[in-house]
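This report looks at how helices pack against one another and at how distant parts of a chain are linked. Please keep the sequence and the structure in view while reading.

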Amino acid sequence: MRKGICAGLFAILFTPVAAAGVEAPKGLGSEEFGLTPRELVQAIEKTEQLIARCMSEQGFKYIAADATTVRAGMAADKNLPGLSEEEFVNRYGFGVSTFYTGLPPQLSTGYNPGRVGLGERNVQIFRNLSAADQVAYNRALLGDDASATFAVALEIEDLSRTSGCTRKAVSETFKPDQLKASHYNPQDALINKDQRMKAALGYWQREMKKAGFEYSHPDEIEPDLRNRLSALTEGGKLLVSKMSKDQKAALRKLQDYERSVAAKSFKMSEEVLKPVEERIQEELFSRKVQ
């Protein structure tokens, strides 16, 4: 971005407005789904216990993962040892299509937040099953979308993709509206209503459009990529090794698109959106955002 444009933009964004200084509503937390850290841990523990119970009823062994394990899976998103987030995004985009193999998360050997969040004990239980039992196990645990593990769904704040015992468990833990794809973190909703963020998002949208990407908000990109990948891979069930020549070419095209849109969005978000978001968060919660 040209320095003159950048300076003018931030002069507008950081000008005090009526919304500045507003505190977050009582009870609103800074974690996923607007939960407090304590509430998030409680939700994780309850959900994992319910998953274990449901799996037992289905005739399978599943050990409830503790909050530390699930949080590790969440933290593994866009994270590889030795790479900064920016380096990860430039190489692998958001990690949606770029790491796709068609294998269930438990059998992946590289980057896979879903495998991390399931916990090593559950991964070993799965790997000791026969191929047929592995299919039945994941059908019970994850239903139609093997990529929608609990940890992944929590991190991307989209429980709508969950199925199987995972879906049953989150349905008993989270509110009905939180299970919908349209659900939006209440903290993010507050931030997006701020006039400074509206101005920043408008600038982000225009710059993205100049680069050939039609999105109105960064949060729209990953769901779009997941939908495109699902359509290309029969809902994530098609092994790369079983793809036709045309299907492999289409996957490479999607991966190139993901890297390109992710790199542009990340750069714009870091330069334009993140400083504004942190400023508003600080005002909402009356503390400095870490």
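Where in α13 is the kink centred? In this predicted model, the kink in α13 is centred on S269 and amounts to about 50°. The end-to-end span of the helix can be set beside this: α13 covers residues 245–285, and although it has 41 residues, its end C-alpha atoms are only 53 Å apart, short of the 60 Å that a straight helix would reach at 1.5 Å a residue.

**Helix packing**

Two packed helices are described by the angle between their axes and the distance between the axes. The table gives both values for three pairs.

| Helix pair | Angle between axes | Distance between axes |
|---|---|---|
| α11 (residues 195–210) and α13 | about 175° | 10 Å |
| α2 and α3 (residues 67–75) | roughly 105° | within 9 Å |
| α10 (residues 186–193) and α11 | roughly 80° | within 5 Å |

With an angle of about 175° to α13, helix α11 is roughly antiparallel to α13. On the α11 side the contact is made by R196, M197, A200, L201, Y203, W204, E207 and M208, while the residues of α13 that take part include V261, K264, M268, V272 and I280, and also S269, the residue on which the kink is centred. Divided by class, the residues of this contact between α11 and α13 are twelve nonpolar, two polar and six charged.

Helix α11 also packs against α10, and because their axes cross at roughly 80°, these two helices are roughly perpendicular to each other. Here I191, N192 and K193 of α10 meet Q195, M197, K198 and L201 of α11, and the contact comprises three nonpolar, two polar and two charged residues. M197 and L201 of α11 thus appear in the contact with α10 and also in the contact with α13.

Helices α2 and α3, whose axes cross at roughly 105°, are likewise roughly perpendicular to each other. In this pair, L40, V41, I44 and E48 of α2 meet A67, V70 and R71 of α3, a contact with five nonpolar, no polar and two charged residues.

**The disulfide**

How many disulfides does a search of the whole structure find? The search finds one, formed by C54 and C165, whose sulfur atoms are 2.1 Å apart. The link is left-handed, with -70° about the S-S bond. Because C54 lies in helix α2 (residues 37–57) and C165 in helix α9 (residues 164–173), the pair ties together parts that are 111 residues apart in sequence.

Methods: Residues numbered from 1 in each chain as written. Predicted model: local features only at pLDDT ≥ 70, side-chain atom pairs only at ≥ 80, totals over all residues. Heavy atoms only, no water. Helix = DSSP H or I, 4+ residues; strand = E, 2+ residues; numbered from the N terminus. Expected span 1.5 Å × (residues − 1). Bend = angle between axes of the 7 residues up to and from the residue. Axes fitted to C-alpha atoms, helices over the stretch in contact; angles between N-to-C directions. Parallel < 35°, antiparallel > 145°, perpendicular 65-115°, else oblique. Contact = heavy atoms within 4.5 Å. Nonpolar A, V, L, I, M, F, W, Y, C, P; charged D, E, K, R; others polar. Disulfide = S-S within 2.5 Å.
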